[in-house]
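Here's a walk through a protein with a ligand, starting with the overall build and ending at the ligand itself. Have your viewer open and follow along.

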Amino acid sequence: MTDGDQLLAGTTRDLQEREARAFDFGRVVRRVPDAVATPQTVTEVSKLVRDAAQAGIRLAIRGGGHSQSGRSLTDRGAVLDTTGLNRVQPAGPEVVRAQGGARWGDVVDALKGRRRLPQVLVDIGEVTVGGTLAAGGVGTTSHRYGAQVENVEQLEVVTGAGERVLCSPTEDAELFDAVRSGQGQFGIITEAWIRLRASGARFRQYELHYRDFERLADDLDLLVETSRFDHLRVELRHHKRVSVLLAGLEYDETPDENRDLAGLGHDELVYTRDTASVGRAGMYPSWAFSWLHYHPWRDWMLPWETLPTLLAEPPLHPESMPNPGWSWTGFYPGGRGDIEAPLFMRPPQKRLVLYSILAVLGEFQHDKTVEFADKLKDIDRELVGLGAKSYLSGQVDYSPQQWQQHYGEMLAPAVRWKQQFDPDGIFHAAGMPFGP
Ligand SMILES: Cc1cc2nc3c(=O)[nH]c(=O)nc-3n(C[C@H](O)[C@H](O)[C@H](O)COP(=O)(O)OP(=O)(O)OC[C@H]3O[C@@H](n4cnc5c(N)ncnc54)[C@H](O)[C@@H]3O)c2cc1C
């Protein structure tokens with residue numbers, strides 16, 4: 001699409017709109033789209049896709065833009081921004097229906113007072129339902145429920161042919177398998193039926209500090225095994241030589257601290273925080289993250305058995321982390337949910353760790369950012385050697401051989417699904433290995 005081309009109906013070439021979608025949260029890649037579409041209805045989405053196919057224009061699907069690989073960006077086509085598709089509708093005690101562009105914070109807010117929450121929430125409210133289902137979606141309750149892609153009952157998808165299809169494990173199951181963790185390559189998730197769980201009335205979080213990695217690893221073994229806490233997150237403050245376990249409980253009756261912490265080997269209980277807002281309580285506030293910084297980030301799913309090694313010998317030397325006060329290394333204990341999601345690549349074990357190295361660099365640290373991103377590539381090879389699979393939100397630019405290693409026997413079906421669901425290659429390939 002060039003400036004001379006006719007504008008696709010429903011898109012704009014307004015420079016401000018295009019510049020606003022030229023970066024993602026990583027800020028490392030800049031791509032200014034030729035045009036931007038912000039459809040408000042699924043009918044508009046279908047029409048846009050059909051018109052784009054006819055005009056030979058590629059579309060990059062963008063939700064909240066919080067991924068870091070440039071996957072929601074394009075400079076050779078239009079960005080289809082889903083955030084106008086933001087309706088959320090509770091559908092009984094077991095399920096909430098949310099459109100693909102709805103943000104998880106809005107989903108939680110729509111459930112206020114119902115004592116129900118999605119089984120897995122991610123740790124910020126600004127990312128969209130379609131955006132995290134296209135990645136995986138791991139959070140503080142993943143030790144119980146696995147990933148978000150394993151906790152949806154049904155999806156509505158607009159395929160590359162512009163068709164609006166309802167898919168589930170029993171209806172159009174291949175499309176259901178392709179779009180979950182499909183990185184926006186097979187279709188646009190326009191609505192999701194998300195499984196709910198009962199939630200407590202209030203939330204308590206204990207911040208426990210550990211200076212002994214073995215004790216932390218042992219405690220996590222115990223906590224995951226016994227499911228004592230509803231929420232678990234670990235922050236590794238290597239620069240302060242301390243690991244922080246954030247253990248959260250949802251409750252009706254005031255919890256008993258002695259019972260909750262019995263038998264644990266932490267060095268210090270730094271605080272106990274009680275709050276009445278359960279849904280957002282496990283999330284970081286939006287002001288904790290700035291779009292002005294560079295974020296060379298990587299995440300991996302690792303077998304649980306690697307935890308003692310990750311803790312005792314961190315793959316990134318503590319002194320190599322830039323701006324350690326702002327940056328973040330940490331992990332969520334993970335598990336498996338009830339529904340298989342074949343493109344959510346992870347080690348075969350039942351118990352897993354989502355391990356993240358999230359560096360934050362200032363506006364004038366571009367060279368350092370590139371240097372650090374290279375270091376993360378070396379770490380990736382090391383962790384893959386330990387059995388890791390990359391979580392594809394971060395800055396992943398694999399070679400064809402590395403993609404083959406990543407997807408293994410799922411690569412061939414995914415290439416076939418690309419031909420089946422996006423035959424004209426309408427969805428911008430964004431460095432993914434599935435085809436045009
Ligand atoms: C501060 C921060 C905290 C985070 N915390 C977590 C966390 O706790 N757990 C976790 O799992 N992840 C986390 N992430 C990663 C984030 O969840 C993923 O990057 C997610 O994909 C971003 O969602 P988004 O709506 O911003 O999507 P975008 O970044 O806009 O898009 C991501 C990918 O999804 C595709 N896509 C977007 N919408 C759709 C749709 N409707 N249909 C099909 N494809 C679509 C895009 O084409 C792109 O490939 C975090 C990211 C940030 C910046």
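What follows goes from the whole chain to its sheets and then to the ligand's surroundings.

One thing to keep in mind as you look around: this is a predicted model. Zoomed right out, you've got twelve helices and 18 strands. The radius of gyration comes to 21 Å, close to the 22 Å that the globule rule gives for 436 residues, so the protein is as compact as a globular protein of that length. If you'd rather think in box dimensions, the C-alpha trace spans about 65 × 50 × 40 Å along its principal axes. Of the 436 residues, 47% count as buried. As for contacts with a separation of 6 or more, 73% of them come from residues 24 or more positions apart.

Now for the sheets. Take the one with eight strands: it's open, its pairing is antiparallel, and reading across you get β14-β11-β13-β12-β16-β17-β15-β18. At the edges sit β14 (268–275) and β18 (389–391), each with a single partner strand, so one side of each has no neighbour in the sheet. On average, neighbouring strands here are turned by 20° against each other, ignoring direction. Packed on this sheet is helix α10 (residues 366–385), which touches β15 (297–303), β17 (352–358) and β18. The direction of α10 makes about 5° with that of β15.

Back at the β14 edge, β14 pairs with β11 (residues 202–210) in the antiparallel sense, over seven bridges. To find the register, look for arginine 204, which stands opposite aspartate 274 in β14.

There's also an open sheet of four strands, ordered β1-β2-β4-β3, and this one has mixed pairing. Its edge strands are β1 (11–12) and β3, each pairing on one side only. Between β1 and β2 (residues 35–37) the pairing is antiparallel, over two bridges, and threonine 11 stands opposite alanine 37.

That brings us to the ligand. How many residues surround it? There are 33, and the closest are Gly63, Gly64, Gly130, Gly131 and Gly184. Three elements give two or more residues to this shell: β3 (59–62), α4 (129–133) and β10 (187–198). Of these, α4 gives the most, with three residues. So much for where the shell comes from; by residue class, it divides into 18 polar, eleven nonpolar and four charged. Glycine counts as polar in that split, a detail worth holding on to when you look at the closest residues again: Gly63, Gly64, Gly130, Gly131 and Gly184.

Methods. Residues numbered from 1 in each chain as written. Predicted model: local features only at pLDDT ≥ 70, side-chain atom pairs only at ≥ 80, totals over all residues. Near = placed C-beta within 6 Å. Pairing = 2+ DSSP bridges. Axes fitted to C-alpha atoms, helices over the stretch in contact; angles between N-to-C directions. Contact = placed C-beta atoms within 7 Å. Rg over C-alpha atoms; globule rule 2.2 N^0.38 Å. Buried ≥ 20, exposed ≤ 12 C-beta atoms within 10 Å, placed from the backbone.
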